[in-house]
Amino acid sequence: MIVIDNIGKLVTMERALQKRGRNLVFDDLSIVEDAAAVIKDQGRKSRIMWVGPRSELPAKFKKTKKINARGQIVMPGLIDSHTHLIFAGDRSREFEMRLAGSTYQEIAASGGGIVNTMDATRKASKADLLKISLKRADLFLKQGVTTFEVKTGYGLDYESELKCLSVIGDLKKKSNATVLSTFLGAHAVPPEFKGRKSEYVKTLAFEWLPRLKGKFDFVDIFVDAGYFERADGEILLSEAVKHGLRVKLHADELELTGGTDLAVRFKALSADHLLKIGEAEILKLAGSEVTATLLPTTAFFLKTEFAPARRLLDTGVRVALATDFNPGTSPTQDVSLVSILAALEMEMRTEEIVAGLTLNGAYALGLENKKGALLPGYDADLVMFQASSLAQLFYEFGHRQPSLKVFANGRFL
Ligand SMILES: [Zn+2]
């Protein structure tokens, strides 16, 4: 047992949880001043036992080992609920071509795009992929990200998708972070199935999905112009649901093509991107339990319009924020950049950004009863930093908070 004592501000998220992460005001962060937190430290099973004002610390914890927080802010560990962290190679050469004036079509014709990353990922050994992934996991942990999701989707053949899922399985065991895995075979049509998209979707739904079941947490599909259609989504998601799996969607990013509708219909955990979402879809999301996951670094990198965050939030949609870390459209793991873009380009408020990267990220992963809040019974994933206000976490952007300390897996890392 450990008591973190002398906490200046303890962000518990209690009222944000009661409001299921929607229509938040600053008070919903439920900040306790001059607080203490009691943690049962048992590795991955570490839990919050008690939180509250120091003056009310129960007598039975008075003699427990104390860590002096010296007036710092303590908040839930950050959650990145949308990443494509497992891939080999990079696409900097294509960026160079883009800067020199090449079009997307020219880049694709010269072997660029998703196929480029697919080739590199297929060639990479499991050991190499694990090594790269562990480094990336550490980069997240150093910024306070204690839980993140990883999608497959750069293997795109059965053996390579299986290889990536097995590496994510090892990552789950070896990293101090909590890692969730998503099967995204429906990321793009692989060259082997060129011109036979429906056949690929059926192969995914009726052959790969049942064989790979048990090796991942969620199923995802990229329903959008030039990728998969609504009918493809219906086939794959119906099968996923039949197998008792929760689903997520890449929805309405490039064009409005029915992704959000599908997300609501299949009770998805989240609909992600939503740059082109329409008013009718926003209302449907608000009336559902689907979390809208917004990925501002992608819009920034592609120089497109940002998602209509204000409209989503003001309509009562639950909004999460994530990096979309991938080599093609969001080559960054920088959470401070996600936050500052959310603030300045999407007009999100402090409480919305904090919830977007904690509690609402937990909702997007179905973990709202375990993570994203600091309440008794919740996992003891937390970050501690010296700052005069919460906004300092993203007001100074482009680097991690110099004073940031991360507690996960039962200890300060
Ligand atoms: Zn994505």
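At 1% relative accessibility, V383 falls below the 20% cut-off and therefore counts as buried, which makes this residue a good place to start a walk through the model. Keep in mind as we go that this is a predicted model.

V383 belongs to strand 14, which spans residues 382–385. Leaving aside residues up to four places away in sequence, V383 touches I73, V74, M75, P76, G77, G144, L404, K405 and V406. One pairing across the sequence is worth picking out on your screen: V383 and L78 are 305 residues apart in the chain, while their C-alpha atoms are 7.9 Å apart in space.

Now widen the view to the strand itself. In a regular strand the side chains alternate between the two faces of the sheet. Which residues of strand 14 lie on each side, and are they buried or exposed? L382 and M384 are on one side and V383 and F385 on the other, and all of these are buried, so both faces of strand 14 are covered.

Strand 14 also has partners. Strand 5, residues 73–76, pairs with strand 14 in the antiparallel sense over 4 bridges, and here P76 stands opposite L382. Strand 15, residues 405–408, runs antiparallel to strand 14 and is joined to it by 3 bridges. In that pairing, M384 stands opposite K405.

From here we can move to another sheet. This one is an open sheet of 8 strands, paired in parallel and ordered 6-7-8-9-10-11-12-13. Strand 6 (78–80) and strand 13 (319–321) each have a single partner strand, so they form the edges and one side of each is left without a neighbour in the sheet. On average, neighbouring strands are turned by 25° against each other, with direction ignored.

At the strand 6 edge, strand 6 and strand 7 (residues 145–151) pair in the parallel sense over 3 bridges. D80 has F148 of strand 7 as its bridge partner. Helix 5, residues 126–142, lies across both strand 6 and strand 7, and runs at about 140° to strand 7.

Further into the order sits strand 9 (residues 218–223), where V223 is found. The relative accessible area of V223 is 0%, so this residue is buried. Not counting residues up to four places away in sequence, V223 touches F228, E229, R230, G233, L249, H250, A251, D252, T257, G259 and L262. V223 and L254 are 31 residues apart in sequence, with 9.6 Å between their C-alpha atoms.

Two of those contacts of V223, A251 and D252, are also touched by T260. T260 has its place in helix 9, residues 259–265, and is buried because its relative accessible area is 1%, under the 20% limit. Again setting aside residues up to four places away in sequence, T260 also touches L274, I277, E281 and L285.

Next come the helices. The axes of helix 6 (residues 158–174) and helix 7 (residues 197–212) come within 11 Å and cross at roughly 30°. Angles under 35 degrees count as roughly parallel, and therefore helix 6 and helix 7 are described that way. Helix 6 passes helix 7 in a right-handed crossing. Helix 6 brings Y158, E161, L162 and L165 to the contact, and helix 7 brings W208, R211 and L212. By class, these residues are 5 nonpolar, no polar and 2 charged.

Helix 7 also packs against helix 8 (residues 230–242), at an angle of about 5° and with the axes 10 Å apart. These two helices are therefore roughly parallel to each other as well. Here K197, V201, L204, A205, F206 and L209 of helix 7 meet D232, I235, L236, E239 and A240 of helix 8. The contact of helix 7 with helix 8 has 8 nonpolar, no polar and 3 charged residues.

Let's finish with two backbone details in loops. K267 is not a glycine, yet has a positive phi of about 50°. K267 lies in the loop between helix 9 and strand 11 (270–273), and counts as exposed because its relative accessibility is 64%. D324, another residue other than glycine, has a positive phi near 60°. D324 lies in the loop between strand 13 and helix 13 (335–344). Is D324 buried or exposed? Its relative accessible area is 2%, so D324 is buried.

How values were computed:
Residues numbered from 1 in each chain as written. Predicted model: local features only at pLDDT ≥ 70, side-chain atom pairs only at ≥ 80, totals over all residues. Heavy atoms only, no water. Buried < 20%, exposed > 50% of the residue type's maximum accessible area, 1.4 Å probe, protein only. Contact = heavy atoms within 4.5 Å. Axes fitted to C-alpha atoms, helices over the stretch in contact; angles between N-to-C directions. Parallel < 35°, antiparallel > 145°, perpendicular 65-115°, else oblique. Left-handed = near helix turned anticlockwise from the far one by under 90°. Nonpolar A, V, L, I, M, F, W, Y, C, P; charged D, E, K, R; others polar. Pairing = 2+ DSSP bridges.
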